[in-house]
Amino acid sequence: MTHDLWVGLGVLTAGLVLALEKRRRGVDDERIWALVALAVAFGAVGARLGTWLQHVNLATNDSTVVHWMYGNRSILGGLAFAYIAVLIGKRLLRMRWRTGALFAPAIAAGMAVGRVGCLLTEAPGTPSELPWAVTVGSTADAAAWGVPLGATLHPSFVYEICFHLLALIALWVWRDRLSDPADLFTLYIAGYALFRFAVEPVRGNEVVWLGLTRPQLFLAATLPLLIWRSVIAIRRPAPGDDREPAVLAR
């Protein structure tokens, strides 16, 4: 319940930040809330299905019903499914303006809050002797995480919370400085992908191939595209005087 509570608070936080930014930018297209609903619904499905494929031999994986009830969740799978849902939703709703300027700060704020639930309920990370390491002080946690009582572990979710808070500050500072504010979303997702790839060694996820975890393999396949899109966003020329800013389109 603790984890789900914080996830719910994260979704509410994201919705509040999006509403504030929507109002600040003068966006009156209420179809944005249909996109939010699609992103939340598909994101929940993607978070579950994102960890289902554990083995190449499909017969050795849990059934989808069992995995849905008891399996782990993947934030990367959730983000990927939510992104696809928004793209499909915009096409169905015939929304031709880019929504990234609204979604980027909202997702960063929501992720910072939602990850608190992970910090309170999941294995923090790999063994560490750093001063800020988390000490396992409960026999129940030690048994659940497969570590000795009193072990000190990397607080990997604290690292992630800090990343999203810093990203939120950066997005807030740069929200009106890009030639197209919608590019904020591309830069944020690329930044998160780089951070997540780098922090994986202290997360404690299973190494499956070439010394990489499943999240790292997924990120290795998607990072080149994200970096390429980010370079385009940074080098994008200012729009002409006769072009309305994409995020203010009605």
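This report walks through the core, the aromatic rings, the salt bridges and some surface features of a predicted model.

## The nonpolar core

Let us start on the inside. In soluble globular proteins, nonpolar side chains tend to be buried together. Here, the largest nonpolar core has 37 residues. Within this core, the residues with the most contacts are L18, I32, F103 and Y188. Several helices take part: α1 (2-24), α2 (32-49), α4, α5, α7 (156-174), α8 (183-199) and α9 (214-235) are the elements that give two or more residues to the core. Which element gives the most? That is α8, with nine residues.

Y188 is a good place to pause when you look at the structure. Leaving aside residues up to four places away in sequence, Y188 touches A104, I107, A108, M111, F163, H164, A167 and L171. Keep F163 from that list in mind, as the next section returns to it.

## A cluster of aromatic rings

A pair of aromatic rings is described by the distance of the centres and the angle of the planes. This structure holds four aromatic pairs. In one of them, the ring centres of F163 and Y192 lie 5.8 Å apart, with 35 degrees between the planes, so the pair is tilted. F163 belongs to helix α7 and Y192 to helix α8, and the pair links distant parts of the chain, 29 residues apart. Are these two residues buried or exposed? F163 is buried, because its relative accessible area is 17% and buried means under 20%. Y192 also counts as buried, with a relative accessibility of 2%.

F163 has another ring partner, F195, and this pair is stacked: the centres are 4.7 Å apart and the planes are at 10 degrees. Because F163 lies in helix α7 and F195 in helix α8, this pair ties together parts that are 32 residues apart in sequence. Both F163 and F195 are buried. Put the pairs together and you get a cluster in which ring pairs link F163, Y192 and F195.

## Salt bridges

Now for the charged residues. Side chains of opposite charge can pair when their charged atoms come close. The model has 13 salt bridges. One of them joins R25 and E21, with the closest N and O atoms 3.0 Å apart. Although these side chains carry charge, both R25 and E21 are buried. Another salt bridge is formed by D176 and R24, where the closest N and O atoms are 3.1 Å apart. D176 sits in the loop between α7 and α8 while R24 sits in helix α1, so this pair ties together parts that are 152 residues apart in sequence. R24 counts as partly exposed because its relative accessibility is 38%.

These residues also belong to a wider group: E21, R24, R25, R175 and D176 are linked in a network of salt bridges. Elsewhere, R31 forms a salt bridge with D29, and here the closest N and O atoms are 2.7 Å apart. How do the two partners sit relative to the surface? R31 is partly exposed, with a relative accessible area of 29%, whereas D29 counts as buried at 7% relative accessibility.

## A nonpolar patch on the surface

What do Y83, I84, L87, I88, L92 and L93 form on the surface? Together they make a nonpolar patch with about 560 Å² of accessible area. Y83, one of these residues, is placed in helix α4 (residues 75-93). With a relative accessible area of 37%, Y83 is partly exposed, because that value falls between the limits of 20% for buried and 50% for exposed.

## Two residues with positive phi

Most residues other than glycine have a negative phi, and most peptide bonds are trans. Which residues go against the phi part of that pattern? R94 is one of them: its phi is near 60 degrees, a positive value in a residue other than glycine. R94 is in the loop between α4 and α5 (100-121), and R94 counts as exposed at 73% relative accessibility.

L210 is another example, with a positive phi of about 55 degrees although it is not a glycine. You can find L210 in the loop between β3 (207-209) and β4 (212-213). L210 is exposed, with a relative accessible area of 66%.

How values were computed
Residues are numbered from 1 along each chain as its sequence is written. This is a predicted model: local features need pLDDT of at least 70, side-chain atom pairs count only at pLDDT 80 or more; totals for chains, interfaces and linings use all residues. Side-chain values use heavy atoms; hydrogens and water are left out. Patches are made of residues with over 30% relative accessible area and no salt bridge: like charges are joined within 9 Å, nonpolar side chains (Val, Leu, Ile, Met, Phe, Trp, Tyr) within 5 Å. Accessible areas come from the Shrake-Rupley method with a 1.4 Å probe; for residues, only the protein chains shown count as cover. A salt bridge is a side-chain nitrogen of Lys or Arg within 4 Å of a carboxyl oxygen of Asp or Glu. Helices (H or I, at least four residues) and strands (E, at least two) are DSSP runs, numbered from the N terminus. Buried means under 20% relative accessible area, exposed over 50%, partly exposed in between (1.4 Å probe, protein chains only). A nonpolar core is a set of buried Ala, Val, Leu, Ile, Met, Phe, Trp, Tyr and Cys residues joined through side-chain atoms within 4.5 Å. Contact means heavy atoms within 4.5 Å. Rings of Phe, Tyr and Trp (its six-membered ring) pair if their centres lie within 6.5 Å; planes under 30 degrees apart count as stacked, over 60 as edge-to-face and the rest as tilted.
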